[in-house]
Structure formats: C-alpha cells, structure tokens
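Reader: I would like to go through this model piece by piece. Please show the sequence and structure first.

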Amino acid sequence: MSLIRSVVRGCGSYLPPDVLTNEDLARQVDTSDDWIVQRTGIRQRHVASAGEMTSDLALAAARAALADAGMAADEIDLIVLATSTPDNTFPASAVSVQAGLGITRGFAFDVQAVCSGFVYALAVADKFLVSGQHKKALVIGAETMSRILDWTDRTTCVLFGDGAGAVVLEAVTEADAAGRGVLTTHLRSDGRHKGKLFVDGGPSSTGTVGHLRMEGREVFRHAVGMITDVIRDAFAATGESAESIDWFVPHQANRRIIDASAQKLGIAPEKVVVTVDGHGNTSAASIPLALAAARADGRIKRGDLVLLEAMGGGFTWGSALVRW
Ligand code: ACO
C-alpha cells in the first residue's frame, strides 16, 4: 500500500471592503495611531458589512482558493472551517459554505480553536486525507471578530479584524508528491489558561453571544514560549531548521510577538511574512490570509518549505511544516 501526502493545490483569501483605520478608532476610544502601531504593528482592519456573515467571507475565500487550484467545487469531499465567530450557534458555518458551493457529497464541519483554528483545521483535514478516506479538502479560516468586540474597550477593540482565507489540499501518493505536502503538524492546548482570553457569553452560560475579554500582558507573556516550543517540535520531527525553511508564516496577532518568536528561533527577518499591519488579528483567518498574500506577490513558490504557527485562546497553540 502506498503512503499518502496532502499536497496544497491552491489558496485564496477575502477581506471585506470596509476599512477601519487607527485614526478612525482614535475618534471612538481613547487611543492613537502611534500607540497601536508601536504596541502591535496594526495600521488598519477590515470590518464585515451589516448582513455579511462569516460563511459569506469563507465562501469568497473558498472560491478564490478553488480558482487558484484550477479545481471545480464538486471535486471537494471535505470542508473544515476554523472559526470562533460562526453565523449561528448551529449548524456549523461549514455547511453553509458547502451549500454555497453547491457540494452535495462528503462532509463539512467547523473547528473551534480560536487563533490556532487554522493550524488545527489543517491538521484535522490532513489526517482525513492521509487515511485515504477523502481525496480533496478545503481548509478555511474565517472570522467576523467585529461582532464579538466591545467597541468601548480600547484594550481589545484595536487589535482585531474580519477576514477569511482558504487552502485546497489533495491526497496524492508519496511518489507523486515528490517531497511536497504537509510534512508534520503539532497541536497543543492547556485549559488552565482559559480565563486569560475568552468571550464572556455563550449558549450554555449566559444565553448571549458575549464580548471578547483578554489579559493582554498575560497572553503576551506566554505566547513566545509556547510558539517557539511547538515549532521546535516540528523541526525535531522532520530534521528541518530555522535555516532550512524558506518562509515563516505565523499567526498575525501582533508584530512584537512575531518578531520575538522569529528572533528566538533564529529565523532571518526576510523569511517572515507579516500582514498584520493591513488587517489586524483576524484569528483563524490570519495564516491563510498571509499565505495568500505571499503566494500572490510571488514570494512562496512551489517546492518552498513553509512554517506555520499559531497561539490563541484556551490556550491553544500549534505548528505545521508544509512543502508547498
Ligand atoms: N490605546 C492607548 N492606551 C492603551 C490602549 C490603547 N488601545 N490599550 C491599553 N492602553 C493603556 C493601558 O490602559 C495602560 O495604561 P496605564 O499604564 O495607565 O494603566 C497602558 O496602555 C499599558 O497597557 P498594557 O496592557 O501594559 O500594554 P502592553 O504594552 O502590554 O500592550 C497589548 C498591550 C498590545 C494588548 C499587549 O499586551 C499584547 O500584544 N498582548 C498580546 C495580546 C494578543 O496579541 N492577543 C491576541 C490573541 S492571542 C494571540 O493571537 C497570540
């Protein structure tokens, strides 16, 4: 029996057209462009328009990824959508994407791991593909964070934005993959930290949607150590290193966390893909948004070794190494 690899066939993204700059925010809460840029690197974020839902953003990103892959929607037999801001408590937003694409076979479901959602979704989809049960998967990260922000809380509302990104994976034999594909994934969580970054509502607690709450300093304090640990796990599993990777595509939460993680690992600054300035922290959407940007401008090329990582509420964290 031949072994199977999940190979990336395409990627795409979508940002809602409405832009909220730091200057716009400074007119709403006691903040400034200087403070936000210095502490986070964020200059603007996109905000979904009234009536535009997470599944709408996801659908647009999925269509872009399918077009990039040159693949018809009905070839897809698995959709894994990472989100913490679903359209409804249920059904999963993934089934809305499935219906929007006109797909009536296979299955679709949501994964909820906050900012680590895309790495979790990639790992889950990879397992289904390498098991031989499914052939072609859409892995999507999509969020409407604007709907769960407390717009009077300057410590959180300046950090987040809306958006979506997607990749298409295909199961191929190791011989056909010729070294390409998802090489390794590593997922972690530690629920002892669940109170440091959470939403203060939910169907079974308050019966409301709630707002995002965060102890920013505590998140920052843990982030770099957790990120670098799980990346070292990926290097140990594959024999790859900070020197051998071509691109580091981290979760786009905060420029300082990204820079500190890259520096601790010895990853050269020119290998780091940063898009947080243009869209803020889009949680599960941030990695595929950054991937799509680096593909579109020609940085990531076929055969490149791409390192992904994320850390977020839970805490959850994870890494993946992908030969593009
Ligand atoms: N504008 C102006 N002043 C502000 C703002 C704001 N938007 N927000 C907070 N302040 C003030 C605070 O009130 C405080 O004032 P004080 O000294 O008078 O009390 C001062 O700025 C410093 O506040 P800190 O919270 O200590 O600021 P810090 O330097 O830690 O930066 C930040 C805050 C940016 C949130 C930082 O802690 C951080 O980046 N944390 C990580 C959070 C994160 O990225 N979360 C994303 C989810 S998890 C993930 O994806 C990794």
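Reader: How many residues of β4 are buried?

Author: Strands here are DSSP runs of E with at least two residues, helices are runs of H or I with at least four, and both are numbered from the N terminus. Buried means under 20% relative accessible area, exposed over 50%, and partly exposed in between, with a 1.4 Å probe and protein chains only. β4 is mostly covered, and the buried count is 5 of its 5 residues.

Reader: What are the ground rules for this model?

Author: The model is predicted, so local features need pLDDT of at least 70, side-chain atom pairs count only at pLDDT 80 or more, and totals for chains, interfaces and linings use all residues. Residues are numbered from 1 along each chain as its sequence is written, and side-chain values use heavy atoms, with hydrogens and water left out.

Reader: Which residues of β4 point opposite to Leu78, Val80 and Ala82?

Author: Leu78, Val80 and Ala82 point one way from β4. Both groups are buried. The other way point Ile79 and Leu81.

Reader: Which residue in β5 is the bridge partner of Ala82?

Author: Two strands pair if DSSP finds at least two bridges between them. β4 and β5 are joined by 5 bridges and run parallel. In β5, the partner of Ala82 is Val111.

Reader: Which residue of β6 stands opposite Leu78?

Author: β4 also has 5 bridges to β6, and these two strands run parallel. Opposite Leu78, in β6, stands Ala137.

Reader: In what order do the strands of this sheet lie?

Author: The sheet is open, and its pairing is mixed. Its edge strands, β1 (4-14) and β5, each pair on one side only. The 5 strands lie in the order β1-β7-β6-β4-β5.

Reader: By how many degrees are neighbouring strands turned?

Author: Axes are lines fitted to C-alpha atoms, for helices over the stretch in contact, and angles run from 0 to 180 degrees between N-to-C directions. For this average, direction is ignored. Neighbouring strands of the sheet are turned against each other by 20 degrees.

Reader: Which residue of β7 stands opposite Val139?

Author: β6 (residues 136-144) and β7 (residues 162-173) run antiparallel. They are joined by 9 bridges. Opposite Val139, in β7, is Val167.

Reader: What angle does helix α3 make with β1?

Author: Contact means heavy atoms within 4.5 Å. Helix α3 (residues 54-69) packs on the sheet and touches β1, β4 (78-82), β6 and β7. Its direction and that of β1 make an angle of about 120 degrees.

Reader: And what angle does helix α11 make with β1?

Author: Helix α11 (residues 286-296) packs on the sheet too. It touches β1, β6 and β7. The angle with the direction of β1 is about 85 degrees.

Reader: How many residues of β6 are buried?

Author: Lys136, Leu138, Ile140, Ala142 and Thr144 point one way from β6. Ala137, Val139, Gly141 and Glu143 point the other way, and all are buried. The strand is mostly covered, with a count of 9 of its 9 residues.

Reader: Why does Ser116 count as buried?

Author: Ser116 sits in the loop between β5 and α5. Leaving out residues up to four places away in sequence, it touches Ala310, Met311, Gly312, Thr316 and Trp317. Ser116 counts as buried because its relative accessibility is 0%.

Reader: How far is Ala113 from Met311 in space?

Author: Ala113 lies in the loop between β5 (107-111) and α5 (117-130). It counts as buried because its relative accessibility is 2%. Its contacts, not counting residues up to four places away in sequence, are Tyr120, Gly313 and Thr316. Ala113 and Met311 are 198 residues apart in sequence, and their C-alpha to C-alpha distance is 9.2 Å.

Reader: Which residue in β13 stands opposite Thr184?

Author: A sheet of 4 strands is open and mixed, in the order β8-β13-β12-β11. Its edge strands are β8 (181-189) and β11 (247-250). β8 and β13 (residues 316-323) run antiparallel and share 8 bridges. Opposite Thr184 is Leu321.

Reader: How much of the ligand does the protein bury?

Author: A polar contact is a pair of N or O atoms within 3.5 Å. A polar side-chain atom of His251 lies 2.9 Å from an oxygen atom of the ligand, and one of Trp35 lies 3.3 Å from a ligand nitrogen atom. Accessible areas come from the Shrake-Rupley method with a 1.4 Å probe. Taken alone the ligand exposes 1000 Å², and the protein buries 76% of that.

Key: A polar contact is a pair of N or O atoms within 3.5 Å; within protein, one must be able to donate a hydrogen and the other to accept it, and residues adjacent in sequence count only if both atoms are side-chain atoms.
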